Structure formats: C-alpha cells, structure tokens
Amino acid sequence: MASYQYFSALVAVVFFCLVVVLIRKDAIHMGSAVRWFVIAIVALVFGVNPTLVDQLAGYVGISYGPILPLLLVSVFLLVKALLADIERARTQVKLDRLNQ
C-alpha cells in the first residue's frame, strides 16, 4: 500500500471513532450515526483501494475517476442541507403553534 492509502485509512478510522464518541455523548442520534458510519466505511474502502473509484466511475460514465467521490459528496451535502431546512421549518411551525 502507498502512503496516501495509509493516510486515507487513518482518516476514515479516526472519523469512525469520532462518530462513536459523539454517539456515546448523545451529541448525535443513532439514526444519523448510521449514515455517518456508512460514510466512514466507504471512505475506508475507497482509501485502501483507489482503483475501485476508477472502476465505479467507468461504470457510471465518468472519464476522470477522482471526480466521482467529489460528486457524491456534493450530492450528499445538498441532501443534508435540504433535510436541515425541512427540520428547521418543522421546528418553526411547532414554535409558531406553541406561541399561539
């Protein structure tokens, strides 16, 4: 394995441990934690085996493999922002009803 693969694996393991610590401190809910666990595992797999990214990009039709993880992260962040806005709107509605 190359040095960047070790670094990627280390980052994924540290991220995984961080999620575990946040769960133990009740900083995040278990439902959200599953999503973050999946992200950490995918980061570990892609970090250890970078040729897998190129293969998946080829199946999707992307000619430059490293763009695939960036595209996936961008989509994930957009969905996360949308879910946060939905939750904020629900909270605002509850607060308005409580004030009435």
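Biologist: Among contacts in the protein chain between residues at least 6 apart in sequence, what percentage join residues at least 24 apart?
Modeller: Keep in mind that this is a predicted model. The count covers contacts between residues at least 6 apart in sequence. Of these, the share that joins residues at least 24 apart is 45%.

Biologist: How confident is the predictor, and which helix has the highest mean pLDDT?
Modeller: Across the protein chain the pLDDT averages 87, and 100% of the residues score at least 70. Among the elements, helix 2 (residues 30–48) has the lowest mean, 84. The highest mean, 92, belongs to helix 4 (residues 67–99).

Biologist: What pattern does the protein chain follow along the sequence?
Modeller: Let's start with the elements: there are 4 helices and 0 strands. Reading along the sequence, the pattern is therefore written with helices alone: α-α-α-α.

Biologist: Is the chain a compact globule or more spread out?
Modeller: Along its principal axes, the C-alpha trace spans about 60 × 35 × 15 Å. For 100 residues the globule rule gives 13 Å, while the radius of gyration here is 18 Å. That is well over the rule, so compared with a compact globule the chain is more spread out.

Biologist: What share of the accessible surface belongs to carbon and sulfur atoms?
Modeller: Buried residues make up 14% of the 100 residues. The accessible surface of the chain comes to about 7800 Å². Of that surface, the part belonging to carbon and sulfur atoms is 70%.

Biologist: Which residues form the largest nonpolar core?
Modeller: A57 is a handy place to begin. Leaving aside neighbours within four places in sequence, A57 is in contact with I62, G65 and L68. The largest nonpolar core has 5 residues, and they are F46, V53, A57, I62 and L68.

Biologist: Is the pair of F16 and F37 stacked, tilted or edge-to-face?
Modeller: A search of the whole structure finds 3 aromatic pairs. In the pair of F16 and F37, the ring centres are 4.7 Å apart and the planes meet at 45°. The pair links distant parts of the chain, since F16 is in helix 1 (residues 3–24) and F37 in helix 2, 21 residues apart. With the planes at 45°, the pair is tilted.

Biologist: Is F37 buried or exposed?
Modeller: F16, its partner, has a relative accessible area of 33%, so F16 is partly exposed. For F37 the relative accessible area is 18%. Buried means under 20%, so F37 is buried.

Biologist: How are the rings of W36 and F76 arranged, stacked or edge-to-face?
Modeller: The ring centres of W36 and F76 are 5.5 Å apart, with the planes at 80°. W36 lies in helix 2 and F76 in helix 4, so the pair ties together parts 40 residues apart in sequence. W36 is partly exposed at 24% relative accessible area, and F76 is partly exposed at 23%. With the planes at 80°, the arrangement is edge-to-face.

Biologist: Which residues do ring pairs link into a cluster?
Modeller: We have just met two of the members, W36 and F76, as a pair. Ring pairs also bring in F15. The cluster is F15, W36 and F76.

Biologist: Is D26 buried or exposed?
Modeller: D26 sits in the loop between helix 1 and helix 2. Its phi is near 60°, a positive value in a residue other than glycine. The relative accessibility of D26 is 68%, and exposed means over 50%, so D26 counts as exposed.

Terms used:
Residues numbered from 1 in each chain as written. Predicted model: local features only at pLDDT ≥ 70, side-chain atom pairs only at ≥ 80, totals over all residues. Heavy atoms only, no water. Core = buried A, V, L, I, M, F, W, Y, C linked by side-chain atoms within 4.5 Å. Buried < 20%, exposed > 50% of the residue type's maximum accessible area, 1.4 Å probe, protein only. Contact = heavy atoms within 4.5 Å. pLDDT = per-residue confidence, 0-100. Helix = DSSP H or I, 4+ residues; strand = E, 2+ residues; numbered from the N terminus. Rg over C-alpha atoms; globule rule 2.2 N^0.38 Å. Areas by Shrake-Rupley, 256 points an atom, 1.4 Å probe, with all protein chains shown as cover. Phe/Tyr/Trp six-rings, centres within 6.5 Å; stacked < 30°, edge-to-face > 60°.
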